[in-house]
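User: I am new to this structure and should like to understand the terms used to describe it. Please explain the grounds for each one.

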Amino acid sequence: MYYRQQNYTRWIFVLPALLVVSVLFIYPFLSSIFYSFTNKNLIMPNYSFVGFANYKAVLSDPNFWMSFLNSLKWTALSLVGQVLMGFFLALALNRVKRFKWLYKILLIIPWAFPTIVIAFSWQWILNGVYGYLPNMLVELGFMDIAPNFLSDRTWAFVCLVFINIWFGAPMIMVNVLSALQTVPADQYEAAKIDGANAWQIFRYITLPHIKLVVGLLVVLRTIWVFNNFDIIYLITGGGPANATMTLPIYAYDMGWGSKLLGRSSAVTVLLFIFLLAICFIYFTIINRWEKESK
């Protein structure tokens, strides 16, 4: 009887979290799958089943493939930059002896601010009319005319990637730094006594201890960055001329701009399937690492 009461008690505590997950994730997920097979329109109250017509329309749309390619570039460049920058900062902080707490606070600032504050701040910095950076380049004599970074197809994408790296690297830094502090110090001392150089210490001691943490971070950041909507939408809105249009923004414009909720739902389902496949590959590699470390 006591064991049954314990079982009921733990389910009572878990139930609120399950309800929140059901409302915020399971219902929207299932409704997206359902609507993706209909001609649901936000203006028209009635709808009917159309089978795979939405998927055919989406996959034959050149803007979909352009957005998909932009999403791949956006995710790959942002992820590589965040991991490298976060890794470098974590290694540097791990060697700092004095004022480490101060450096942590200063470096975590980008991650601490709300996205809307970051987006509007960078809009002000990069604006070609009153922006701080373009006018500073003119004052220093590097350019004759203040460039408008956010109106140029190439520069707009580059600037967004830079902002995302600056924004996301602190999260990688904090987690990698925590993993670095779990590496036994006696292994470093033994390696130095044996005459190992810095690269050998990093490759054979540091990396094996933290690669699982880095692998999980890559999985989480891939999902987060690929689904990223707010920072791109607030700064460029997918422009100029769709140069920064990614799949989340494409789905948003399809659903709330064109009111084609059925077709927008098909985009989100395709996005989910793609990320599911990517996560399967990631976890296959991570499971192999776990087996090798045992």
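Analyst: Let us begin with Lys 259, which is found in the loop between α11 and α12 (261-293). The model is a predicted one.

User: Why is Lys 259 called partly exposed?

Analyst: The relative accessible area of Lys 259 is 28%. Buried means under 20% and exposed means over 50%, so a residue at 28%, such as Lys 259, is partly exposed.

User: What is noted about phi of Lys 259?

Analyst: Phi of Lys 259 is near 65°, a positive value in a residue other than glycine. Most residues other than glycine have a negative phi.

User: Which residue in the loop between α10 and α11 also calls for comment?

Analyst: Ala 241 is found there. Phi of Ala 241 is near 55°, again positive although the residue is not glycine.

User: What makes Ala 241 count as exposed?

Analyst: Its relative accessibility is 57%. Exposed means over 50%, and therefore Ala 241 counts as exposed.

User: Which residues does the cis peptide bond join?

Analyst: It joins Gly 239 and Pro 240, with omega at about -5°. Pro 240 lies in the loop between α10 (230-235) and α11 (247-257). Most peptide bonds are trans.

User: How do you know that helix α9 falls short of the span of a straight helix?

Analyst: Helix α9 covers residues 198-226, which is 29 residues. A straight helix would reach 42 Å at 1.5 Å a residue, whereas the end C-alpha atoms of α9 are only 35 Å apart. In addition, α9 has a kink of about 55° at Leu 207, shortly before the proline Pro 208.

User: Why is Asn 197 said to cap α9?

Analyst: A side-chain oxygen of Asn 197 lies 3.2 Å from the backbone nitrogen of Trp 199. A polar contact requires N or O atoms within 3.5 Å, so the 3.2 Å pair meets that distance limit, and Asn 197 caps the N-terminal end of α9.

User: Which helices supply at least two residues each to the nonpolar patch on the surface?

Analyst: They are α4 (100-112) and α5 (115-126). The largest share, six residues, comes from α4. The patch has about 1000 Å² of accessible area together, and its members include Phe 99, Trp 101, Leu 102, Phe 113 and Phe 120.

User: What makes Trp 101 count as exposed?

Analyst: Trp 101 is in helix α4 and has 56% relative accessibility. Exposed means over 50%, so Trp 101 counts as exposed.

Technical notes. Residues numbered from 1 in each chain as written. Predicted model: local features only at pLDDT ≥ 70, side-chain atom pairs only at ≥ 80, totals over all residues. Heavy atoms only, no water. Patch = residues over 30% accessible without salt bridge, like charges linked within 9 Å, V, L, I, M, F, W, Y side chains within 5 Å. Areas by Shrake-Rupley, 256 points an atom, 1.4 Å probe, with all protein chains shown as cover. Salt bridge = Lys/Arg side-chain N within 4 Å of Asp/Glu carboxyl O. Helix = DSSP H or I, 4+ residues; strand = E, 2+ residues; numbered from the N terminus. Buried < 20%, exposed > 50% of the residue type's maximum accessible area, 1.4 Å probe, protein only. Expected span 1.5 Å × (residues − 1). Bend = angle between axes of the 7 residues up to and from the residue. Polar contact = N/O pair within 3.5 Å; in protein donor to acceptor, adjacent residues only side chain to side chain.
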